[in-house]
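Work through the exercises below with the sequence and the 3D structure at hand. Try each task before you read its solution.

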Amino acid sequence: MDLPAKSPSLWQSKPPQQPGQLFIFDRTPQIGQYSRLGPTRTGPAPRTDNLATADAPRPEPSASDGLTPSQQSAVDHFEGPLLILAGPGSGKTRVITRRMVRLVERGVDPRQILAVTFTNKAAEEMAERVERLAGGQRVAVSTFHRFCARLLRDHAEMVGLQANYTILDTTDQKQVVRSVLDELNLDAVHFPPGRISGRISHAKNQQQSAEELRSDVATRVGNHFQEVVARVYPRYQEFLLKANAVDFDDLLLHVQKLLNENPELRARLDDRYRFVMVDEYQDTNLVQYGIVRLLSHDHPNLCVTGDPDQSIYGWRGARIDNILRFEQDYPEATVVRLEENFRSTAAILRSADQLISHNQMRKAKSLVTANPEGEPVELLVFGSAQDEAHGIAGRIHELVSRGVCTYGDCAVFYRVNSMSRQVEQALSRWSIPFQVIAGVAFFERAEVKDMLGYLRLIENPADDAAFTRVVNKPPRRIGKVTQSKLARFATAEGLNRLESAAEAKRITGLSKQATTALLRFHELVDGLTLADAGSVAELLRTVIDRTRYTAGWQSGMNKSSEQDIQRQAVIDELLALATHYDEDAGDERSLAGFLEVTSLVADTDAIDPSQGAVTLMTLHAAKGLEFPTVFVVGIEQNLLPHERSLRDDNPRELEEERRLLFVGMTRAISRLSLTLAAQRDLHGQSRSTIPSQFLGEMELTSRDHTDPRGSAAPRPPLPDVTRLSQSSDNVDQPLLTTAAALLDGTAKAATLEQGFAIGMAVRHPRYGLGTVIAVDGYVRNRTVTVRFEDSEEGVSFQADHCPLQPVGRS
DNA sequence: CCACTATTGCTTTTT
DNA sequence: GCAATAGTGG
């Protein structure tokens, strides 16, 4: 397939600027001087440049039912392998959903179609679109992990598990490693559990078993750390198997094994899923690749889509070559390239293209658009990270008040999560609503993990990881020493820890106090079942009750601290979530089902651009999304590219960093700003930064906002709290994403459209009806105090995480 | 022997 | 700026 020749004008722009030259500009940014582009790409912005006129002007396909010829050919492809190489903004999602619809129209049974994505959000969206277009017919759209979890549920015994196995998250993994280290008499200080579990995960992604890793390590000399990993790995795996538990990697690995070792099952599934589609194929790892191939052997109607330039998950085992070698794997494959970009302005696309073309290990590919030139991509230079954040907040404020775009149109991307804080603070000061994807995620909260830990232990008593997590929560005098003795006893007797607790009297060297504490704990957990409780929510309430989990911080004498209020709010939210699940699942409900749902959610599932709030997220989380206005912050050496990628001068890692920025830039529809700060705090100390090497690789208009006299941070126009809490037709609608919304992207019921205002009538699933009597704090730390009908006292909730819903008209 | 607190140390990205 | 650790009081 031939590539369109690069348009010469694309490369005749200004020569790349040297980073050093970037900081000499007027420091009075007048946003008003920019030519205005409509708030969306369909806006009537005039063309200011003839860059794209070489291509025949073409109507925007999404405006009608029309598809470009290449899009059409992908949609029409019927049987046989198909590779869709889709550049950013090329209408990929649209093409694959349309193709599925087309298959159904052709008479393919929808149950024979399986589509696999990486995030729940993508899966849900796709399923919904297909269902809508195919007249209510549903196809199976799932994430890799969820698909495997289900499959494994049905065939657990074939890989030595039971159907009620539990899924461990990264925290549990570390805890298991810690346990193993303890057993091997190694200290966790010198061998950080996180690093060890990371190495184990890496090995698993390379399909390296414990034995293989061991022999691999044996051939090399003197890597002590690796040797420890090799010793821990097999014990870790035994621990998991005994605990009837799997980690994220096992989910995939077990399924691959299942398919490999059971030809008849493999053939059955291959036949069942006649048409398999994989999105973001460049992000698949070796195991996922294996699974896909095993399912597409007899019926190689495999359709994969992706873009090598958007491969950003190499660090977790993604193999960019999976997509590059597709044509070798399936020589008869049809290849369709979608290269026309319908998303971004020509200016944005040009800069992104210039950047990515600096990658050496890359198949040349052109990015073409018929979109107008638009505003230049700008580089904003600030003195400090704080100024940077305020500069962005000010710019957003300006854009919104001029009606150029809405808050929901704006997004801020950063390399590391820790960078969100400053932006959050600045936005708060400006009273700008925002939504952070993955700050302290709900399911990472200690309270949630503890509660789920109890549920896990009830569902799967062998889950020693869950046992260790909850055995002393709340504190019941079962400390480190006792637990260690218990663990040794359990291993010696071949029992799980919960069973061992029941046998506490037989454990030698245990104090009387510890013995009774263990016995009582066993009794506590033993007496809990879903059947008795009737529903997950009810079971959860029983757990809270019997463990007196919240007793320590129940708001007894309005003495509870802010933290306690938040904790309570988290618990309430979890209860609401369980209720939601109970209702949703009906008779199908099971503890395993609830736990599966809760362990496989991702932070990115919460992204909801319709919320009317600025969205903050990492560059990784941004993939697959688009926003009219995009800011990418911290374009500095050692940050982007990240220092880790520069460490041993590894060009592959550097190129991945470049792709990361490329992904971020190509999310922008109309306006794109890259920002950096001359000084930035690095663990406490303020340090001078070096502009990213990537900046010199593309065309930018730069603006210096550093002030030699210091403190040039723009100020919010009216840092006014009363405005936030009192007006009910507030434009600055605070965004309230609840965990329920996270689990069920469409759970509008759980998401408030309006901010809380004093006097507003609300309903709480547990406390009933009430009235808002106070609103405090800013967006993320905002609390709402409500007085409920049957009480005098107000109850406070963390606005972000509470199941309060407005009642009636506001 | 356990719980609580002060201090240290360390920070990519995520299913 | 947080989590895990080390130290101290109960």
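The model is predicted.

**Exercise 1. Cysteines**

Task: Find out whether Cys 148 is buried or exposed, and explain why its sulfur is not in a bond with that of Cys 303.

Solution.
Step 1. Cys 148 has 0% relative accessibility, so it counts as buried.
Step 2. The closest cysteine sulfur to that of Cys 148 belongs to Cys 303 and lies 19 Å away, which is too far for a bond.
Step 3. Now take Cys 405, whose nearest cysteine sulfur is that of Cys 410, 3.8 Å away. A disulfide needs the two sulfur atoms within 2.5 Å. Cys 405 is in no disulfide. Cys 405 is buried too, at a relative accessible area of 5%.
Step 4. A search of the whole structure gives 0 disulfides.

**Exercise 2. The sheet**

Task: State in which order the 6 strands of the open sheet lie, and which of them are the edge strands.

Solution.
Step 1. The order is β3-β2-β6-β7-β1-β8, with parallel pairing.
Step 2. β3 (140–143) and β8 (334–338) each pair on one side only, and these are the edge strands.
Step 3. Neighbouring strands are turned against each other by 15° on average, direction ignored.
Step 4. Look at one pair: β2 (residues 113–117) joins β3 in the parallel sense over 4 bridges. Within it, Val 116 has Ser 142 of β3 as its bridge partner.
Step 5. Add the helices. α2 (residues 69–76) packs on the sheet and touches β1 (82–86) and β8, making an angle of about 140° with the direction of β8. α3 (residues 92–105) lies across β1, β2, β6 (275–278), β7 (301–306) and β8, and runs at about 170° to β6.

**Exercise 3. The cores**

Task: Determine how many residues the largest nonpolar core has, and which element gives the most to it.

Solution.
Step 1. The largest nonpolar core has 47 residues. Those with the most contacts inside it include Met 451, Leu 455, Phe 467 and Phe 521.
Step 2. Several elements give two or more residues to this core, among them α18 (446–459), α22 (512–526) and α25 (562–585). α25 gives the most, with 8 residues.
Step 3. Follow one residue of the core. Leaving aside neighbours within four places in sequence, Met 451 is in contact with Leu 540, Val 543, Ile 544, Tyr 549, Ile 571 and Leu 574.
Step 4. A second, separate core has 42 residues, including Val 159, Leu 295, Phe 326 and Tyr 330.

Technical notes
Residues numbered from 1 in each chain as written. Chains lettered and ligands numbered in written order. Predicted model: local features only at pLDDT ≥ 70, side-chain atom pairs only at ≥ 80, totals over all residues. Heavy atoms only, no water. Core = buried A, V, L, I, M, F, W, Y, C linked by side-chain atoms within 4.5 Å. Buried < 20%, exposed > 50% of the residue type's maximum accessible area, 1.4 Å probe, protein only. Contact = heavy atoms within 4.5 Å. Pairing = 2+ DSSP bridges. Axes fitted to C-alpha atoms, helices over the stretch in contact; angles between N-to-C directions.
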